[in-house]
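I opened this structure to look up how its helices pack and which side chains they cover. My notes are below.

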Amino acid sequence: MTAKEYLQQLHKADVVINQRVQEKADIRARLFSIGSFDYTKERVQMSLPTSAGYEREIEKLNDLENEIDRLIDAYVNLKHKIIGEIHGLKNWKHIEILYKKYVEGKRLEEISIEMDYTFQYVVLLHGYALKEFSRKYSIYFQC
(Lines give C-alpha, C1' and ligand atoms only; values in the text may rest on other atoms or scores of the structure.)
Protein backbone atom coordinates (compact mmCIF):
# COMPACT_ATOMS: atom_id res chain seq x y z
CA MET A 1 0.00 0.00 0.00
CA THR A 2 1.29 3.45 -0.85
CA ALA A 3 0.79 6.60 1.21
CA LYS A 4 -1.76 7.81 -1.34
CA GLU A 5 -3.75 4.56 -1.14
CA TYR A 6 -3.60 4.69 2.64
CA LEU A 7 -5.00 8.23 2.72
CA GLN A 8 -7.65 7.39 0.10
CA GLN A 9 -9.17 4.89 2.53
CA LEU A 10 -11.20 7.75 3.99
CA HIS A 11 -12.90 8.47 0.67
CA LYS A 12 -13.57 4.79 0.04
CA ALA A 13 -15.10 4.35 3.50
CA ASP A 14 -17.30 7.41 2.93
CA VAL A 15 -18.51 6.02 -0.42
CA VAL A 16 -19.36 2.65 1.15
CA ILE A 17 -21.34 4.33 3.95
CA ASN A 18 -23.28 6.48 1.48
CA GLN A 19 -24.13 3.43 -0.64
CA ARG A 20 -25.36 1.52 2.40
CA VAL A 21 -27.50 4.49 3.45
CA GLN A 22 -29.02 4.57 -0.06
CA GLU A 23 -29.67 0.82 0.14
CA LYS A 24 -31.41 1.39 3.49
CA ALA A 25 -33.58 4.11 1.94
CA ASP A 26 -34.54 1.74 -0.90
CA ILE A 27 -35.57 -1.01 1.52
CA ARG A 28 -37.53 1.48 3.62
CA ALA A 29 -39.33 2.74 0.49
CA ARG A 30 -40.26 -0.84 -0.46
CA LEU A 31 -41.58 -1.48 3.05
CA PHE A 32 -43.88 1.50 2.98
CA SER A 33 -45.06 1.20 -0.61
CA ILE A 34 -48.44 -0.24 -1.37
CA GLY A 35 -48.36 -3.31 -3.56
CA SER A 36 -50.97 -4.08 -6.16
CA PHE A 37 -53.09 -7.18 -6.55
CA ASP A 38 -54.24 -9.01 -9.65
CA TYR A 39 -57.90 -9.71 -9.00
CA THR A 40 -58.45 -11.29 -12.42
CA LYS A 41 -56.85 -14.59 -11.40
CA GLU A 42 -58.15 -17.00 -8.84
CA ARG A 43 -55.80 -17.24 -5.91
CA VAL A 44 -55.14 -20.64 -4.39
CA GLN A 45 -52.94 -21.07 -1.36
CA MET A 46 -51.41 -24.50 -0.98
CA SER A 47 -49.55 -23.94 2.31
CA LEU A 48 -49.24 -21.27 4.91
CA PRO A 49 -46.29 -18.93 4.47
CA THR A 50 -43.62 -19.26 7.15
CA SER A 51 -43.19 -15.51 7.39
CA ALA A 52 -44.48 -12.50 5.57
CA GLY A 53 -42.24 -10.73 3.05
CA TYR A 54 -42.25 -7.55 5.07
CA GLU A 55 -40.71 -9.39 8.04
CA ARG A 56 -37.70 -10.35 5.93
CA GLU A 57 -37.42 -6.75 4.72
CA ILE A 58 -37.53 -5.44 8.30
CA GLU A 59 -34.82 -7.92 9.27
CA LYS A 60 -32.69 -6.74 6.32
CA LEU A 61 -33.29 -3.14 7.37
CA ASN A 62 -32.17 -3.84 10.96
CA ASP A 63 -29.06 -5.69 9.77
CA LEU A 64 -28.23 -2.83 7.43
CA GLU A 65 -28.67 -0.22 10.17
CA ASN A 66 -26.27 -2.19 12.41
CA GLU A 67 -23.76 -2.45 9.57
CA ILE A 68 -24.01 1.29 8.89
CA ASP A 69 -23.36 2.01 12.58
CA ARG A 70 -20.25 -0.21 12.53
CA LEU A 71 -19.02 1.41 9.30
CA ILE A 72 -19.49 4.92 10.71
CA ASP A 73 -17.63 4.02 13.91
CA ALA A 74 -14.73 2.60 11.87
CA TYR A 75 -14.77 5.69 9.61
CA VAL A 76 -14.63 8.10 12.56
CA ASN A 77 -11.72 6.18 14.11
CA LEU A 78 -9.80 6.04 10.81
CA LYS A 79 -10.43 9.75 10.16
CA HIS A 80 -9.18 10.69 13.63
CA LYS A 81 -6.06 8.55 13.15
CA ILE A 82 -5.26 9.96 9.70
CA ILE A 83 -5.81 13.56 10.81
CA GLY A 84 -3.41 12.99 13.70
CA GLU A 85 -0.84 11.51 11.33
CA ILE A 86 -1.18 14.39 8.89
CA HIS A 87 -0.75 16.86 11.75
CA GLY A 88 2.41 15.00 12.70
CA LEU A 89 4.19 16.28 9.58
CA LYS A 90 6.63 19.18 9.88
CA ASN A 91 5.83 21.24 6.77
CA TRP A 92 2.62 23.23 7.24
CA LYS A 93 1.99 23.37 3.48
CA HIS A 94 2.11 19.59 3.32
CA ILE A 95 -0.28 19.38 6.25
CA GLU A 96 -2.71 21.77 4.61
CA ILE A 97 -2.62 20.06 1.20
CA LEU A 98 -3.01 16.52 2.57
CA TYR A 99 -5.81 17.61 4.91
CA LYS A 100 -7.73 19.39 2.17
CA LYS A 101 -7.19 16.57 -0.33
CA TYR A 102 -7.83 13.47 1.77
CA VAL A 103 -9.91 14.63 4.74
CA GLU A 104 -12.03 17.32 3.08
CA GLY A 105 -12.06 15.47 -0.27
CA LYS A 106 -11.14 18.49 -2.38
CA ARG A 107 -9.55 18.33 -5.81
CA LEU A 108 -6.08 19.77 -6.35
CA GLU A 109 -7.59 22.47 -8.59
CA GLU A 110 -9.75 23.68 -5.70
CA ILE A 111 -6.81 23.56 -3.31
CA SER A 112 -4.68 25.65 -5.65
CA ILE A 113 -7.38 28.33 -5.73
CA GLU A 114 -7.85 28.30 -1.94
CA MET A 115 -4.13 28.46 -1.23
CA ASP A 116 -3.55 30.98 -4.02
CA TYR A 117 -0.88 28.82 -5.69
CA THR A 118 -0.61 27.66 -9.27
CA PHE A 119 -2.03 24.24 -10.00
CA GLN A 120 1.41 22.94 -11.00
CA TYR A 121 2.90 24.10 -7.69
CA VAL A 122 0.12 22.35 -5.73
CA VAL A 123 0.72 19.14 -7.71
CA LEU A 124 4.43 19.39 -6.85
CA LEU A 125 3.71 20.11 -3.17
CA HIS A 126 1.23 17.22 -3.07
CA GLY A 127 3.95 14.86 -4.30
CA TYR A 128 6.42 16.16 -1.70
CA ALA A 129 3.75 15.90 1.00
CA LEU A 130 3.09 12.26 0.11
CA LYS A 131 6.83 11.55 0.24
CA GLU A 132 7.13 13.19 3.67
CA PHE A 133 4.09 11.27 4.91
CA SER A 134 5.49 8.03 3.53
CA ARG A 135 8.90 8.61 5.16
CA LYS A 136 7.39 9.57 8.52
CA TYR A 137 5.04 6.58 8.59
CA SER A 138 7.21 4.12 6.64
CA ILE A 139 5.97 1.22 8.75
CA TYR A 140 2.71 1.37 6.77
CA PHE A 141 4.08 1.65 3.27
CA GLN A 142 6.37 0.26 0.63
CA CYS A 143 9.15 2.75 0.03
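These entries go through helix pairs and a few single residues.

Entry one, the model. I note at the start that this is a predicted model.

Entry two, helix 1 and helix 3. I looked up helix 1, residues 3-32, and helix 3, residues 92-103. Their axes are 8 Å apart and pack at an angle of about 50 degrees. That makes helix 1 oblique to helix 3. On the helix 1 side I found Lys-4, Leu-7, Gln-8 and Leu-10, which meet Leu-98, Tyr-102 and Val-103 of helix 3.

Entry three, Lys-100. I stayed in helix 3, where Lys-100 is found. Is Lys-100 buried or exposed? Its relative accessible area is 12%, and buried means under 20%, so I wrote Lys-100 down as buried. I then listed its contacts, leaving aside neighbours within four places in sequence: Gly-105, Lys-106, Ile-111, Glu-114 and Met-115.

Entry four, helix 4 and helix 5. Helix 4 covers residues 108-115, and helix 5 covers residues 119-136. I asked at what angle their axes cross. The answer is roughly 110 degrees, and the axes come within 9 Å. Angles of 65 to 115 degrees count as roughly perpendicular, and the two helices are therefore roughly perpendicular to each other. Helix 4 brings Leu-108, Glu-109, Ile-111 and Ser-112 to the meeting, and helix 5 brings Phe-119, Val-122, Val-123 and His-126.

Entry five, two residues of helix 4. I picked Glu-109 and Ser-112, since both are listed where helix 4 meets helix 5. Glu-109 has 35% relative accessibility and so counts as partly exposed. I also checked the C-alpha atoms of Glu-109 and Val-122: the two residues are 13 apart along the chain, and the atoms are separated by 8.2 Å. Ser-112 has a relative accessible area of 7%, so I noted this residue as buried. Beyond neighbours within four places in sequence, I found Ser-112 in contact with Tyr-117, Thr-118, Phe-119 and Val-122.

Entry six, the surface. Which residues form a nonpolar patch on the surface? I found Tyr-121, Leu-124 and Tyr-128, with about 280 Å² of accessible area together. I looked at Tyr-128 singly and placed this residue in helix 5. At 43% relative accessibility, Tyr-128 counts as partly exposed, because that label covers values between the under 20% and over 50% limits.

Technical notes:
Residues numbered from 1 in each chain as written. Predicted model: local features only at pLDDT ≥ 70, side-chain atom pairs only at ≥ 80, totals over all residues. Heavy atoms only, no water. Patch = residues over 30% accessible without salt bridge, like charges linked within 9 Å, V, L, I, M, F, W, Y side chains within 5 Å. Areas by Shrake-Rupley, 256 points an atom, 1.4 Å probe, with all protein chains shown as cover. Salt bridge = Lys/Arg side-chain N within 4 Å of Asp/Glu carboxyl O. Buried < 20%, exposed > 50% of the residue type's maximum accessible area, 1.4 Å probe, protein only. Contact = heavy atoms within 4.5 Å. Axes fitted to C-alpha atoms, helices over the stretch in contact; angles between N-to-C directions. Parallel < 35°, antiparallel > 145°, perpendicular 65-115°, else oblique.
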